Amino acid sequence: MNWLDRSRSMAPPGFNRWLIPPAALAVHLCIGQAYATSVYKSALIGHFGLSQTAIGIIFSIAIVMLGLSAAIMGTWVERSGPRKSMFVAASFWGAGFLVGAAGIFTSQLWLVYLGYGVIGGIGLGIGYISPVSTLMKWFPDRPGMATGMAIMGFGGGALIASPMSSALLKFFDGFNPATDGADWIASGNSVGKLFLTLGVLYFAVMMYGVLNIRVPAPGWTPRGWDPSTAKVSAMVTTKQVSAANAIKTRSFWLVWAVLFLNVTAGIGILEQASPMIQDFFRGADGNSAVNAAVAAGFVGMLSIGNMAGRFIWSSTSDVIGRKRIYMVYLGAGAVFYVVLAFFGGSSMLLFVAMAVVIISFYGGSFSTAPAYLKDLFGTFQVGAIHGRLLTAWSAAGIAGPLIVNGLLDAQGKPGTMNAHNYLPVLLTMVGLLAIGFVASTLIRPVDAKYHEPEEELASARKGS
């Protein structure tokens, strides 16, 4: 397995750096399937005969494991290099599906928790951070755009996985539109076969990334680029900070808080998107002007906004700076939430436009975070630092749904609510974003006492 070592993946002179983003995308498009679990959720509920909560825990475990594995394995990923860590991610992600399939075929839910949730979740975490620091080293002149390209794939993975999974489920079940009605739900057996297919398919696609990822030679820079031009702001350091020291700084925890609050607010819409648009346009007779198909289209538009925001806003941060773009995410996001809360029910166009922009900010906060960490802490162990930061995502994945569901439960039963029932939820999100805005303004350059001594950096680079 020596071919997986960092030393064996060093790029030769003249290597085209634009070959790296497709390798990173191969990984992120595959693990982005995590956003498409709703495709087979009803089928699993019927197969196991359990509640939505019991099945929903599968996704929750995966997201928690994403954050934990990224935080715990971040230093190993940085030390081992992208090729080995991407191979490990592909193995865990593929194996997670296979173990999950065994759980479905034998009707043992704990095996699905273990497979897709725990094993697959480890693959999610390692795969998410594996190519990020490598991309920033290949694109020191445009780190925001580089990370945006890769992390955009995670947002867009569901756009591929959802229709592909639906088509495969129909194929495995022998779906006949003439006899199977619109209320058709896939069988558990077909979901098991889907898991087997996805496990093998995703492993193969991720191996494309493993085989094509390269790390730049020490000291490499893009042709014609002057490294001194990178330091255009006091918020961009030329020094290096280790992962162990980074978590001792106030700036790291302020960025953690900003990401946590922005993601929590975004989940407020994502988690409730389909019923939310139907409730906003429910008439006095109790019927909504938005049917299930239109609501599904709205969810698809949010996915596009989520994906596009990861590239557009992260690339924009290369121009206006990371601190300013986060102030836009949080400040403008709070204003748009207010508009949504008080005027969203008056116009469907306004409602959709506000929601899509808010979700684009949600996606942008993910893809801008690695570049912000690079600005504050340098590239020395930015992958490991990024891994620790992703615990904010795990925490938001728990806090967001709890806040939204708790507030809505107090307002009424699903299918009976109107736009005004969402005021407590949306105004709570405004409050979270306002706190995040204040936290963002407090982020400062890292104190020099946390910088790594040059002789230790030289020794570490020689060892790698």
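## Helices α7 and α14

In this predicted model, helix α7 and helix α14 meet through a defined set of residues. On the α7 side these are Pro143, Gly144, Thr147, Gly148 and Ile151, and on the α14 side they are Phe366, Ser367, Pro370, Ala371 and Lys374. By class, the contact of α7 with α14 has five nonpolar, four polar and one charged residues.

Helix α7 covers residues 143-173, while α14 covers residues 348-377. Their axes come within 8 Å and cross at roughly 145°. The crossing of α7 past α14 is right-handed.

## Helices α1 and α7

Helix α7 also packs against helix α1, which covers residues 20-31. The angle between α1 and α7 is about 40°, and their axes are 7 Å apart. That angle makes α1 oblique to α7. Here too the crossing is right-handed, with α1 passing α7.

From α1, the residues in contact are Pro21, Ala24, Leu25, His28, Leu29 and Ile31. They meet Met149, Ala150, Ile151, Gly153, Phe154, Gly156, Gly157 and Ile160 in α7. These residues divide into ten nonpolar, four polar and no charged. A general rule helps in reading such lists: an α-helix has 3.6 residues a turn, so residues three or four places apart point the same way.

Ile151 of α7 appears in the contact with α1 and also in the contact with α14.

## The course of α7

How does the span of α7 compare with the value expected at 1.5 Å a residue? The 31 residues of α7 should span 45 Å, and the end C-alpha atoms are 45 Å apart, which agrees.

Helix α7 nevertheless has a kink of about 40°, centred on Gly155. Just after the helix, Gly174 takes a positive phi of about 65°.

## Helices α14 and α15

Helix α14 has a further partner in helix α15, which covers residues 382-389. The two helices pack at an angle of about 125°, with their axes 10 Å apart. They are therefore oblique to each other. The crossing of α14 past α15 is right-handed.

The contact is formed by Ala369, Pro370, Leu373, Lys374 and Phe377 of α14 together with Val382, Ile385, His386 and Leu389 of α15. By class, these residues comprise seven nonpolar, one polar and one charged. Pro370 and Lys374 of α14 take part in this contact, and both are also listed in the contact with α7.

## Helix α3

Helix α3 covers residues 52-80. At 1.5 Å a residue, its 29 residues should span 42 Å; the end C-alpha atoms are 40 Å apart, which agrees.

Where does α3 bend? The helix bends by about 55° at Met73. Gly81 follows α3, and its phi is positive, near 95°.

Conventions:
Residues are numbered from 1 along each chain as its sequence is written. This is a predicted model: local features need pLDDT of at least 70, side-chain atom pairs count only at pLDDT 80 or more; totals for chains, interfaces and linings use all residues. Side-chain values use heavy atoms; hydrogens and water are left out. Axes are lines fitted to C-alpha atoms, for helices over the stretch in contact, and angles run from 0 to 180 degrees between N-to-C directions. Helices (H or I, at least four residues) and strands (E, at least two) are DSSP runs, numbered from the N terminus. Angles under 35 degrees count as roughly parallel, over 145 as roughly antiparallel, 65 to 115 as roughly perpendicular and the rest as oblique. A crossing is left-handed if the near helix is turned anticlockwise from the far one by less than a right angle, and right-handed if clockwise. Contact means heavy atoms within 4.5 Å. Ala, Val, Leu, Ile, Met, Phe, Trp, Tyr, Cys and Pro count as nonpolar, Asp, Glu, Lys and Arg as charged, and the others, Gly among them, as polar. The expected span of a helix is 1.5 Å times one less than its number of residues. The bend at a residue is the angle between axes fitted to the seven residues ending there and the seven starting there.
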